[in-house]
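This report describes the fold and a selection of side-chain contacts in one protein model. The sequence and structure come first, followed by the description.

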Amino acid sequence: MVPLSLKVPVPFEYVFPHGALGLGVDAQLDFDRRGQADDQARDKDSGERVWVVRVMDLDPEAGRFGRSTEVKVKVIAAHRPVLPASMVPGYPPSIAFDGLTLTPYVDSQRCKATGSCKARMAYSLRATAVLPAAASAPVA
């Protein structure tokens, strides 16, 4: 039986063939724990903290058809990931991810109670670490 939370390992270069720039790192909020001293989300499998890394996809096609060039990748780690130093002053650093996985799901937010449903296939991205772009392993 295929689990509902299928995590498919994917090479960084497959998801971001033109590279990616790191824009920031934030703690993922657990809305059920909001207002508590520690309201950060935890990974259901490992119990580790969930961090959201905002990334600019450098694919020239990424902004077409109303899509955003910004992508969020959840990093599961005990400590806040640190983005590497930028090689070009004034620009975000070029980054890669280690342990990148893709989880497909059906996005039904466009479905209306009455009438048509414009659900679409979507996916979420998770990783185990943020790396400088040069440190990512090339696809064989």
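## Fold and side-chain contacts

The protein contains 1 helix and 8 strands. In sequence order, these elements give the pattern β-α-β-β-β-β-β-β-β. The model is a predicted one.

Of the 140 residues in the protein, 29% are buried. Among contacts with a separation of 6 or more, 65% are between residues 24 or more positions apart. The exposed area of the protein is about 9,500 Å², and 57% of that area is supplied by carbon and sulfur atoms.

### Salt bridges

Side chains of opposite charge can pair when their charged atoms come close. The number of salt bridges in the model is 6. Three of them are described here, and the table gives the N to O distance for each.

| Salt bridge | N to O distance |
|---|---|
| Aspartate 26 and arginine 54 | 3.9 Å |
| Arginine 49 and aspartate 38 | 3.0 Å |
| Glutamate 70 and arginine 54 | 3.7 Å |

Aspartate 26 forms a salt bridge with arginine 54. Aspartate 26 belongs to strand S2 (residues 20-27) and arginine 54 to strand S3, so this pair ties together parts that are 28 residues apart in sequence. Aspartate 26 is partly exposed because its relative accessibility is 39%, which lies between the limits of 20% for buried and 50% for exposed. Arginine 54 has a relative accessible area of 26% and is likewise classed as partly exposed.

Arginine 54 also forms a salt bridge with glutamate 70. Here glutamate 70 is in strand S4 and arginine 54 in strand S3, with their positions 16 residues apart in sequence, and the pair links distant parts of the chain. Glutamate 70 counts as partly exposed at 33% relative accessibility. Through shared partners, salt bridges join Asp26, Arg54 and Glu70 into one network.

Arginine 49 and aspartate 38 meet through their side chains in a salt bridge. Both arginine 49 and aspartate 38 are in the loop between S2 and S3, 11 residues apart. Arginine 49 is partly exposed, at 24% relative accessibility, and aspartate 38 is partly exposed, with a relative accessible area of 25%.

### Aromatic pairs

The whole structure holds 3 aromatic pairs. One of them is formed by phenylalanine 12 and phenylalanine 97, which make a tilted pair at 6.3 Å centre to centre, with 50° between the planes. Phenylalanine 12 is in helix H1 (residues 12-15) and phenylalanine 97 in strand S5, so the pair ties together parts that are 85 residues apart in sequence. Phenylalanine 12 and phenylalanine 97 are both buried.

Phenylalanine 97 also pairs with phenylalanine 16: the ring centres are 6.5 Å apart and the planes meet at 35°, so this pair too is tilted. Phenylalanine 16 is in the loop between H1 and S2, and phenylalanine 97 in strand S5, so the pair ties together parts that are 81 residues apart in sequence. Both phenylalanine 16 and phenylalanine 97 are buried. Ring pairs thus link Phe12, Phe16 and Phe97 into a cluster.

### Aspartate 57

Phenylalanine 16 is also one of the residues touched by aspartate 57. Aspartate 57 is located in strand S3 (residues 50-57). Is aspartate 57 buried or exposed? Aspartate 57 has 10% relative accessibility and therefore counts as buried, the limit being under 20%.

A polar atom of the aspartate 57 side chain lies 3.0 Å from the backbone nitrogen of aspartate 59. Leaving out residues up to four places away in sequence, aspartate 57 touches Phe16, Gly19, Ala62, Thr69 and Val71.

### A nonpolar surface patch

Which residues make the nonpolar surface patch? Met87, Val88 and Tyr91 form this patch, which covers about 400 Å². Methionine 87 is in the loop between strand S4 (70-76) and strand S5 (94-98). The relative accessible area of methionine 87 is 78%, so this residue counts as exposed, the class for values over 50%.

Note on methods. Residues are numbered from 1 along each chain as its sequence is written. This is a predicted model: local features need pLDDT of at least 70, side-chain atom pairs count only at pLDDT 80 or more; totals for chains, interfaces and linings use all residues. Side-chain values use heavy atoms; hydrogens and water are left out. Patches are made of residues with over 30% relative accessible area and no salt bridge: like charges are joined within 9 Å, nonpolar side chains (Val, Leu, Ile, Met, Phe, Trp, Tyr) within 5 Å. Accessible areas come from the Shrake-Rupley method with a 1.4 Å probe; for residues, only the protein chains shown count as cover. A salt bridge is a side-chain nitrogen of Lys or Arg within 4 Å of a carboxyl oxygen of Asp or Glu. Helices (H or I, at least four residues) and strands (E, at least two) are DSSP runs, numbered from the N terminus. Buried means under 20% relative accessible area, exposed over 50%, partly exposed in between (1.4 Å probe, protein chains only). Contact means heavy atoms within 4.5 Å. A polar contact is a pair of N or O atoms within 3.5 Å; within protein, one must be able to donate a hydrogen and the other to accept it, and residues adjacent in sequence count only if both atoms are side-chain atoms. Rings of Phe, Tyr and Trp (its six-membered ring) pair if their centres lie within 6.5 Å; planes under 30 degrees apart count as stacked, over 60 as edge-to-face and the rest as tilted.
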